[in-house]
Amino acid sequence: MSARGPAIVVGASLAGATAALALRRHGWSEPILLVGEEDRLPYERPQLSKGYLAGTRDPGHLLVAPERRYADGDIELVLGQRVTELHPGDHRVTVGGRRLPYGVLVLCTGATARRPALPGAGLRGVHLLRTLADADRLRAEVAPGTPVVVVGMGLIGSEVAATLNRIGADVVAVDPLPAPLHRLVPAPVGEMLADLHRGHGVRLRLGRSVREITGRDRVEAVVLEDGERLPARVVVAGLGAVPNTGPAAAAGLDVGAGIRTDAFGRTSAPDVYAAGDVTEQFVPHRGRHQRVEHWKHAIQQAGAVAAAITGTPAPLDESPWFWTDQYDVHLEVAGWPDAAAPVVVDGVVGAGGQAGEFLARTVVDGRVQAVTGVGRGRELRALGRALPGGVPHEDPLEGPLEEIA
Ligand SMILES: Cc1cc2nc3c(=O)[nH]c(=O)nc-3n(C[C@H](O)[C@H](O)[C@H](O)COP(=O)(O)OP(=O)(O)OC[C@H]3O[C@@H](n4cnc5c(N)ncnc54)[C@H](O)[C@@H]3O)c2cc1C
């Protein structure tokens with residue numbers, strides 16, 4: 001490891017804070033600056049649609065690390081400041097109008113929730129959910145009986161629908177796809193999740209699209225393409241997130257679906273690394289760049305970057321893993337989901353609006369490519385760790401499995 005001047009980490013959230021702390025742990029002896037646009041200590045987002053939104057977790061429980069850890073690691077927190085420009089040619093970044101020199105730069109700028117491109121999307125009462133401030137604004141507008149329409153039933157929309165239902169809101173959820181989490185879980189699991197929501201009283205409008213959001217000075221209804229009018233006081237759009245690649249793209253870094261990195265987190269510019277939701281990483285066992293927007297991946301990439309910078313490089317070549325909590329169901333997914341691929345289920349996915357215990361293997365070309373499950377976490381995670389090496393789907397230890405789709 002050569003001492004080359006400060007490490008500047010841009011984005012003070014999960015990936016950024018993890019990278020800064022890991023750099024120090026790995027022996028980086030130069031100054032470390034952790035620069036973040038949000039004016040608060042780095043926090044984790046998963047509870048924003050779960051316990052924090054429900055009011056059962058307080059903000060202190062969301063922190064990536066307590067404040068003293070940054071002080072102990074001599075990490076300078078520069079919060080409430082945005083990096084506006086990168087100058088990779090002369091190893092500088094512009095922060096709040098100042099051009100600061102760096103030895104290494106780590107870009108962890110994450111992603112921004114996608115705003116719906118719909119008439120009425122700017123009305124009061126239309127919410128996105130990415131930040132703690134977003135969660136506070138949403139929570140303040142929902143009470144028992146509040147009519148809420150959730151637009152988009154991906155990971156965040158599904159969790160928001162479940163959480164707001166739990167606090168007594170009257171929730172309708174709309175998605176053009178046939179099931180919640182359609183792109184992330186096999187079809188039988190999507191159907192189980194749809195039944196779960198219905199069983200709790202969430203009304204689903206699946207395979208249906210929104211035409212417009214209407215209201216005078218605040219939202220009053222969501223109108224679907226087929227003319228159905230859903231009264232609403234609150235609308236939550238869960239339409240995915242757009243990576244914050246602006247400064248990197250403007251500086252000429254290689255940007256595809258995110259900032260492109262190799263398996264060590266190196267970007268196309270010398271001494272510039274990236275980690276977390278903003279990246280599109282080259283994944284060796286997939287043989288291509290992939291974007292992964294999950295909590296664990298952000299931590300792993302940040303660790304890989306710190307290791308590479310400090311001279312102990314190890315490629316990150318794992319399959320992704322994430323969880324979601326909806327009602328009392330803790331669902332986990334490892335690997336690379338493919339909604340169109342056949343799936344082999346061991347156990348019972350669900351019945352009568354309840355989830356069962358199961359492990360569902362998505363099989364592509366005779367190999368397990370993803371695994372989805374409830375109540376079988378240890379097995380699922382072990383299988384997930386093995387996936388990059390290749391797991392044939394006829395595992396002799398498992399006995400015959402029933403092919404259901
Ligand atoms: C509501 C919600 C629920 C989730 N639930 C789950 C879950 O159940 N399971 C799971 O695996 N994952 C979940 N995730 C995903 C997980 O939270 C993300 O993968 C993780 O936050 C990625 O961390 P990050 O640091 O890469 O990006 P982010 O958390 O997006 O942080 C990026 C930071 O960079 C800052 N920034 C951006 N541009 C600049 C700039 N130019 N200058 C300075 N600062 C800048 C931003 O303000 C932000 O603070 C959830 C996400 C959300 C929003």
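A residue is called buried when its relative accessible area is under 20%, exposed when that area is over 50%, and partly exposed in between. The views below all show a predicted model.

**View 1. A leucine of helix H9 with a relative accessible area of 0%.** Leu380 has its place in helix H9, which runs over residues 377–386. Because a value under 20% counts as buried, Leu380, with its relative accessible area of 0%, is buried. The view also takes in Ser319, which is 61 residues away from Leu380 along the chain, and the C-alpha atoms of these two residues are separated by 12 Å.

**View 2. The protein chain as a whole, with its 9 helices and 29 strands.** The secondary structure of the protein chain comes to 9 helices and 29 strands. The radius of gyration of this chain is 22 Å, close to the 22 Å that the globule rule gives for 405 residues, and the chain is therefore as compact as a globular protein of that length. Measured out along its principal axes, the C-alpha trace spans about 60 × 60 × 35 Å. Of the 405 residues in the protein chain, 53% count as buried.

**View 3. The three domains given by the domain assignment.** In this assignment, domain 1 is made of two stretches, 7–112 and 241–309, while domain 2 covers 115–237 and domain 3 covers 328–403. Between the C-alpha centres of domain 1 and domain 3 there is a distance of 32 Å. The ligand lies between domain 1 and domain 2, because both of these domains give residues to the shell around it.

**View 4. The ligand and the side chains that come nearest to it.** There are 34 residues around the ligand, and those that come nearest are Glu38, Arg45, Lys50, Arg130 and Asp277. In the side chain of Glu38, an N or O atom is 2.6 Å from an oxygen atom of the ligand. For Arg45, the distance between a polar side-chain atom and an oxygen atom of the ligand is 2.5 Å. The side chain of Arg130 likewise has an N or O atom placed 2.7 Å from an oxygen atom of the ligand. Taken alone, the ligand would expose 1000 Å², and the protein buries 97% of that area.

**View 5. The elements and residue classes that make up the shell around the ligand.** Four elements give two or more residues each to this shell, namely helix H1 (14–25), strand E2 (32–36), helix H5 (155–166) and strand E22 (321–326). The largest share, 3 residues, comes from H5. When the residues of the shell are sorted by class, 15 are nonpolar, 10 are polar and 9 are charged.

**View 6. A polar contact between Ser49 and Glu159.** Ser49 is placed in the loop between E2 and helix H2, the latter covering residues 51–54. With a relative accessibility of 5%, Ser49 counts as buried. The side chain of Ser49 is joined to the side chain of Glu159 by a polar contact of 2.6 Å.

**View 7. Two residues other than glycine with a positive phi, Leu181 and Tyr327.** Leu181 is not a glycine, although its phi is positive, at about 55 degrees. This leucine is found in the loop between strand E11 (170–175) and helix H6 (187–199), and with a relative accessible area of 2% Leu181 is buried. Tyr327, also a residue other than glycine, has a positive phi near 55 degrees. Tyr327 is found in the loop between E22 and E23, where its relative accessibility of 11% makes it count as buried.

**View 8. Two further loop residues, Asp338 and His294.** Asp338 has its place in the loop between strand E23 (329–335) and strand E24 (343–347), and with a relative accessible area of 31% Asp338 is partly exposed. Gly207 is 131 residues away from Asp338 along the chain, and the C-alpha atoms of the two are separated by 19 Å. His294 sits in the loop between strand E21 (288–290) and helix H8 (295–309), and His294 is buried, with a relative accessible area of 15%. From His294 to Thr245 the distance is 17 Å, C-alpha to C-alpha, for a separation of 49 residues in sequence.

Definitions and conventions:
Residues numbered from 1 in each chain as written. Predicted model: local features only at pLDDT ≥ 70, side-chain atom pairs only at ≥ 80, totals over all residues. Heavy atoms only, no water. Domains from an automatic or database assignment. Near = heavy atom within 4 Å. Polar contact = N/O pair within 3.5 Å; in protein donor to acceptor, adjacent residues only side chain to side chain. Areas by Shrake-Rupley, 256 points an atom, 1.4 Å probe, with all protein chains shown as cover. Nonpolar A, V, L, I, M, F, W, Y, C, P; charged D, E, K, R; others polar. Rg over C-alpha atoms; globule rule 2.2 N^0.38 Å. Buried < 20%, exposed > 50% of the residue type's maximum accessible area, 1.4 Å probe, protein only.
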